[in-house]
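The following exercises concern side-chain interactions and packing. Each consists of a task and a solution worked in steps.

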Amino acid sequence: MKNIINLLTQATSGSLSDQEVLSFAEVTETDLLAEAAADIRDQGFQNLVSYSRKVFIPLTHLCRDVCHYCTFAQVPRKIKAPFLTREQVLSIAQQGAEAGCKEALFTLGDKPELRYKAAREGLEELGHESTLAYLAEVAEMVFDETGLLPHLNPGLMTLAEIKSLRTLSVSMGIMLESASLRLTEKGMPHHGSPDKVPERRYETMRNAGEAAVPFTSGILIGIGETRRERLESLLALRDMHNQYGHIQEIIIQNFRAKPDTRMANAPEPDLNELLWTIAMARITFGSGMNIQAPPNLSPGVLKQIVSAGINDWGGVSPVTPDFVNPEAPWPHLEDLANETAAAGKHLVERLALYPNYAMNVDRWVDPILQGKVLGHIDGQGFVRNENWSAGVVIDPPKQVLHAVTAVPKTNASKDLNDILIKAKQGEDLAEHEVIRLLQARDADFTHVCQAADEIRRQVNGDKVTYVVNRNINYTNVCYFKCQFCAFSKGKMSENLRGRPYNLEPEEIMRRTREAWDRGASEVCLQGGIHPEYDGNTYINICHSIKQVVPEMHIHAFSPLEVWQGAHTLGLELEEYLGQLKEAGLGTLPGTAAEILDDEVRATLCPDKINSNQWLQVMEAAHKVGFNTTATIMCGHIEAYKHVARHLLKLRDLQKKTAGFTEFVVLPFIHMEAPIYLKGHARKGLTFRESILIHAVARLALHPHFVNIQASWTKMGPKGVQACLNAGVNDLGGTLMNETITRAAGASHGQETSPEEMEAIIRSIGRTPLQRTTDYRPVPAARVKKSYAAAELKDPIYTSAKKFERKKSGEKKELYRPGLVGSIREAEEPISANEIL
C-alpha cells in the first residue's frame, strides 16, 4: 500500500511509467484512486466539466462487423433503407441547428458495401461507390447549409481517406474498445468483426495523427476484459497520443446489455468497476487529457463519476436519441448542469473540437473550417453562447450583468480564492495565477469582479472620472499591415471604408479651437504611419496646436509613431522625445500595444514595433518626464496566457518608472477587421470576458496602477456600467470625433457628452468628476463650458494626393521596425491609394 500511495503522489506531479501504471491492476481501493484522480483533474480543468451540444445523424445502420453487444448495426432486412437520404440528413441537421447544436455527429457502420449487396445498391442510387464518399458529400452539405461542425465516426480509414474527410470535418473518432486480441477469439464479443482487431484500429489512429486530425477514442468496459487489459488499452492510447498529440479525449464507456444481442444476458460492470477505470484513466493520462463518461449510461451516479476524475460528459443531444444506446435517454441539459453543480463543478459547452485544439486551428483544422470554429469560441476555446460583441448596439446578456453584483451562489474555488487574497494584499501575481483569474466562470466570475471592485473602493472611492477631449486622426494613410485595423487605407487595405485623407494643418488647428470652445481640455491625436511622414511631422503638429490654443493638452503619438519619428530623424528615443516635449506634447497614449507578446504580434502586426520596442519607448518617455497610458487590445487570436504576460510586463515597468497614469482595455472590434473577414480571428471578447479582463487588470496591476479605464465606444453604456462594478474607476474621453473604432464596425457613436457620461455614472450611485489628462481637477469655468456644447461642425477631410518618393534614382526604405524588417519602396511613383 505504501508503494501505491507513493505512486499516486508521483502521479499528481508527473507521469507514471507503463509498468507503474500496470502495477495498479490489483489495487482495489477505488476511493483512494478516485481521490488522487480528482486532484490531478483539478490541476488541468479546475472546476469545469464540459459537454458538446450535438445532433446525432445515423447515416447507415449497416456494418460489416458483428459485435456481440451492438444493436446499432443491423442487417438489410431489418431496416427500411440502407442509408439516410440527403433530405433526411439535412432535416435532422436543421433541427439540431435550431436547437442550438454546434456539432453534427455522423455515426455509421464500417464500410457496409464490403459485406452487403443492399449497401452497394443503395450507394449506386445515391451516386456513390463507397460509404465514405457519400459521407463526404452529406457532411459538406450539412456544414454549408446549417453551419454545424461535422464530427465523423466512420470506422477504419486509410491515410488518404482521412485526409480527404479532414477538409469537411473538425474531428473524427474510433473507439479502441480494447487492446486485447483475446476478445477477438471464438466465443468472445469481437469474434467475426475484422475491424475490431486492435492493430487495424491503431493503424487508423496513426493515420489520423499523420493527418493532424483531432481524434476521439476510448475503451468499452465490462465485455470480458480484465483490469490489466483495460490498463494495457489505456497505455496503448497514451503511446499513440504521445507520438502525435492528436487524441483529444478518452471515453470510458460502460457496457449495457441489450435485448436481441448475443450478450443480452451478460452481466454489466458495476459502479465500482466504472469508477476504478475512470480514476485509472486520469492517473494514466495526467491532468491534460479530457476524460469522458457518457451521462446517459449511468443515471443517478453522476456526482460519483465526477469525483472519479472526469472533466467531460461527451455529446448530449436536445434533439436526437443515442442511437448506439437507444435504451438510455440523454439527460436534460438543465438537469445535467444541476447534477454537475451538485458535484462542485460548472457545466460549460464546447465544440466537437476540444478547447486546446480549437485554440490552435492552424495546426488542427482545415482552412475551410477555421473561420467557423473561431467564430464559435471564446478566449479559452469553449463555446461563446451569446450574441453580444464589442461595438455592437445590443443588450448584454442579463445573466452576466446580474452576476457582476449578485450574491455569489457558492464560495470561490479554493485555488481562485487564494489568488484573490494575494491580489487584495498587493502581492505580485504569477502568470499562471492571472490565467486562472481569466478562466473564472459562474460563481468564480462574481467573486473576481467583486474582489476587483473592493480594491477600486479602497483606491479610488466612489468617484468616477472622465475627460472632455477630442480625437483628431490626422491621416488614415498607413503603410503598415496590422491585420486588425479597418481604419488605415493603403494599397493592400481590405474593406476600404472612405477615401484616404491627410489633414491639413489648418484643419487640425480648426478642430482644436472648436474643441476648446466646447470645453475640452485635451486633444488626442493618432493616425496611420504615412510614408511621407518623418519625425518633424509630429513636431509640427504639436506646434500647430499650441499656436492656436496654447492651453490645450496634447495627448498624442503612440510608441510606433515615436519609434518611426526618431528613426527617420536619426535620433535616439530620449532625444526625439525631448524635442516633442519642447514642441508642446503633454502625454503619450499607450496604443500600438495590442498584445505585448511577439508570438501574437508575428501574425497580428508583424511589421509593427515588437513588444520590447514598445516597452523601450514607454520607459524612455517616462524617463524624460512624460506620463503615458497603457492599453491592451484583445479578443482576436491571443490566448489567456498572452493577456497574462501583457499585464505582467506592464506591471513590471510601472514598478520601475511609475509613469503610467491608467490602464485601458480595448476589446477587439471584429466586424470590419481584415483578420476576421479572412476567417483568422475570433469575434472579439464575450461580454463575460470583457467585464472579467477589467476586473483581472485591477487585481493583477494592484497597487501599481491606480486607474483602470473602460471604453464606452467598445462596451456601450450598459457595458461600462458593469465595468464600474468590476474594478473600473474611469470612463476615458468624450472623444467628439471617434473614427477608428467606428471604422472597425462599432456603432456606439462618435461622442458621449459630459451630460451623458455623468448620467451613466450616477445611474449606479457613483459621483462623476471631470478630470484633466493627468488626473487633476478641471477648473470650474472649463467644466461649465463643457455642458450644453454647440454642435460640431462637419469635419473637413483633405484627400491624400499622389506623391513622388523616388528622388534622383535613389530608393527609400519604408521603415518597419517589427518582426519582418524593412522593405524597399516600389520602383514607380505610387499614390496614397496604392501604399503597401
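**Exercise 1: A salt bridge between two helices**

Lys422 is partly exposed, its relative accessible area being 22%. The model is a predicted one.

*Task.* Determine with which residue Lys422 forms a salt bridge, and which helices the pair links.

*Solution.*
Step 1. The partner of Lys422 is Glu433, and the closest N and O atoms are 3.0 Å apart. A salt bridge requires a distance within 4 Å, so the pair qualifies.
Step 2. Lys422 belongs to helix H17 (residues 414–424) and Glu433 to helix H18 (residues 431–438); the two residues are 11 residues apart, and the pair links distant parts of the chain.
Step 3. Glu433 has 11% relative accessibility and therefore counts as buried, the limit for that class being under 20%.

**Exercise 2: A salt bridge within one helix**

*Task.* Establish how Arg456 and Asp453 are placed in helix H19, and whether they are buried or exposed.

*Solution.*
Step 1. Arg456 and Asp453 form a salt bridge with their closest N and O atoms 2.9 Å apart.
Step 2. Because the two lie three residues apart in helix H19 (residues 442–460), about one helical turn separates Arg456 from Asp453.
Step 3. Both Arg456 and Asp453 are buried.
Step 4. For contrast, consider the salt bridge of Asp774 with Arg776, at 3.1 Å from N to O. Asp774 is partly exposed at 29% relative accessibility, and Arg776 is partly exposed at 49%.
Step 5. Shared salt-bridge partners join Asp453, Arg456, Arg457, Asp462 and Arg766 into one network. The structure holds 53 salt bridges.

**Exercise 3: Classifying aromatic pairs**

*Task.* Classify the ring pair Tyr357 and Trp364, then the pair Trp614 and Phe660.

*Solution.*
Step 1. The whole structure contains 13 aromatic pairs. In the pair of Tyr357 and Trp364, the ring centres are 5.0 Å apart and the planes stand at 65°, so the geometry is edge-to-face. Tyr357 is buried at 7% relative accessibility, and Trp364 is buried at 5%.
Step 2. For Trp614 and Phe660, the centres are 6.4 Å apart and the planes meet at 15°, so this pair is stacked. The pair links distant parts of the chain, with Trp614 in helix H25 (residues 611–623) and Phe660 in strand S16 (residues 660–667), 46 residues apart. Trp614 and Phe660 are both buried.
Step 3. One aromatic cluster is formed by Tyr474, Tyr533, Tyr538 and Phe557.
Step 4. Charges also sit over rings. Arg350 lies over the face of Tyr354, 3.9 Å from the ring centre, and the charged end of Arg771 sits over the ring of Tyr775, 4.0 Å from its centre.

**Exercise 4: Nonpolar cores**

*Task.* Identify which residues touch the most other members of the largest nonpolar core, and which helix gives the largest share of this core.

*Solution.*
Step 1. The largest nonpolar core has 131 residues, among which Val448, Leu525, Phe557, Trp614, Phe663 and Ile691 touch the most other members.
Step 2. Helix H28 (residues 687–701) contributes the largest share of this core, 10 residues.
Step 3. Leaving aside neighbours within four places in sequence, Ile691 is in contact with residues including Val404, Phe445, Met715 and Ala726.
Step 4. A second, separate core of 99 residues includes Ile4, Leu126, Ala139 and Phe285.

Note on methods: Residues numbered from 1 in each chain as written. Predicted model: local features only at pLDDT ≥ 70, side-chain atom pairs only at ≥ 80, totals over all residues. Heavy atoms only, no water. Phe/Tyr/Trp six-rings, centres within 6.5 Å; stacked < 30°, edge-to-face > 60°. Buried < 20%, exposed > 50% of the residue type's maximum accessible area, 1.4 Å probe, protein only. Helix = DSSP H or I, 4+ residues; strand = E, 2+ residues; numbered from the N terminus. Lys NZ or Arg CZ within 6 Å of the ring centre and 35° of its normal. Core = buried A, V, L, I, M, F, W, Y, C linked by side-chain atoms within 4.5 Å. Contact = heavy atoms within 4.5 Å. Salt bridge = Lys/Arg side-chain N within 4 Å of Asp/Glu carboxyl O.
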